[in-house]
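Me: Could you walk me through this model before I set anything up? I'd like to start with the overall fold and then go on to single residues.

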Amino acid sequence: MVFRSYMDQALEEARAAADRGEVPVGAVLVSPEGEVVARAGNRTRELNDPTAHAEVLVIREGCAALGSERLPGYDLYVTLEPCPMCATALSVARIARVYYGAADPKSGGVAQGPRIFSHPQCHHVPEVYDGIATPQSEALLKEFFAGRR
């Protein structure tokens, strides 16, 4: 099987989030067959919902489409290292693989900070691949925050 990245679609969602005034993070959920099941960008401000991170939104949509609270075998592509809340949601949803772009030294929960997948209480640990489209992901975030400072 040949690896195919869906990070280009996650970056599109991140750009759309930035256009809405949201922190530019985008995520894509991919089925075991390689079909895009859900795409989303952050919507915390739009929905007045602190849990409306891109990862949570695609998990919700994927679970609704599948009619299940779990997504075994599914892959998630996200432009920024998942925060602790999102990393926990990925574990609970039984996501198989997580691919992310930019590291998040301030709020990350995978390779930074609490490292959720390393805790003994973490019942499911997905495979994690970082550094996918890192320059593009970092550039979006830097540009977004530069405009606000």
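Reply: What follows goes through the sheet, then the helices, and then a few single residues.

Me: Before that, what kind of model is this, predicted or not?

Reply: This is a predicted model, and the angles and distances below should be read with that in mind.

Me: OK, what is the order of strands in the sheet?

Reply: The sheet is open and has five strands in the order β2-β1-β3-β4-β5, and its pairing is mixed. At the edges are β2 and β5, each of which pairs on one side only. If direction is ignored, neighbouring strands of this sheet are turned against each other by 15 degrees on average.

Me: Mixed, fine. Which sense do β1 and β3 pair in, parallel or antiparallel?

Reply: Strand β1, residues 26-30, pairs with β3 in the antiparallel sense, and four bridges hold that pairing. Within it, V28 has Y77 in β3 as its bridge partner.

Me: And on to β4, how many bridges join β3 to it?

Reply: Five bridges join strand β3, residues 75-80, to β4, and these two strands run parallel. One pair to look for in the viewer is L80 with its bridge partner A102 in β4. Between the two strands the chain passes through helix α4, residues 84-92, and the resulting β-α-β crossover is right-handed.

Me: What about the other side of β4, how does β5 pair with it?

Reply: Strand β5, residues 127-129, pairs with β4 in the parallel sense over three bridges, and R97 has E127 in β5 as its bridge partner.

Me: Is β4 mostly covered or mostly open?

Reply: Strand β4, residues 97-102, is mostly covered, since five of its six residues are buried.

Me: Which helix packs on the sheet there?

Reply: Helix α5 packs on the sheet and touches β3 and β4, with its direction at about 55 degrees to that of β4.

Me: Does α5 have a helix partner too, and at what angle do α1 and α5 cross?

Reply: The axes of helix α1, residues 7-19, and helix α5, residues 134-146, come within 11 Å and cross at roughly 5 degrees. Angles under 35 degrees count as roughly parallel, and α1 and α5 are therefore roughly parallel to each other. On the α1 side the contact involves L11, A14, R15 and A18, which meet Q136, S137, L140 and F144 in α5.

Me: Changing topic: N42. Where does it lie, and is it buried or exposed?

Reply: N42 lies in the loop between β2, residues 36-41, and α2, residues 44-47. With a relative accessibility of 7%, N42 counts as buried, because the cut-off for that is under 20%.

Me: So which backbone atoms lie by its side chain?

Reply: A polar atom of the N42 side chain lies 3.3 Å from the backbone oxygen of V23, and a polar atom of that side chain lies 2.8 Å from the backbone nitrogen of A54. Not counting residues up to four places away in sequence, N42 touches A17, R20, E22, V23, V25, A52, H53 and A54.

Me: Another polar one, S91. What does its side chain reach?

Reply: The side chain of S91 reaches the backbone oxygen of H124 at 2.7 Å. S91 is found in helix α4 and is buried, with a relative accessible area of 6%. Apart from neighbours within four places in sequence, S91 is in contact with F117, C122, H123 and H124.

Me: And V37, what does it touch?

Reply: V37 sits in strand β2 and is partly exposed, with a relative accessible area of 24%. Its contacts, leaving aside neighbours within four places in sequence, are L29, S31, E61, G62, A65 and Y74.

Me: Last thing, backbone angles: which residues other than glycine have a positive phi?

Reply: Most residues other than glycine have a negative phi. Among those with a positive value is R94, with a phi of about 65 degrees; R94 is found in the loop between α4 and β4 and is partly exposed at 23% relative accessible area. Another is A133, whose phi is near 60 degrees and whose place is in the loop between β5 and α5.

Note on methods
Residues are numbered from 1 along each chain as its sequence is written. This is a predicted model: local features need pLDDT of at least 70, side-chain atom pairs count only at pLDDT 80 or more; totals for chains, interfaces and linings use all residues. Side-chain values use heavy atoms; hydrogens and water are left out. Buried means under 20% relative accessible area, exposed over 50%, partly exposed in between (1.4 Å probe, protein chains only). Two strands pair if DSSP finds at least two bridges between them. A crossover is right-handed if, with the strands pointing away from the viewer, the path from the first strand over the helix to the second runs clockwise. A polar contact is a pair of N or O atoms within 3.5 Å; within protein, one must be able to donate a hydrogen and the other to accept it, and residues adjacent in sequence count only if both atoms are side-chain atoms. Contact means heavy atoms within 4.5 Å. Axes are lines fitted to C-alpha atoms, for helices over the stretch in contact, and angles run from 0 to 180 degrees between N-to-C directions. Angles under 35 degrees count as roughly parallel, over 145 as roughly antiparallel, 65 to 115 as roughly perpendicular and the rest as oblique.
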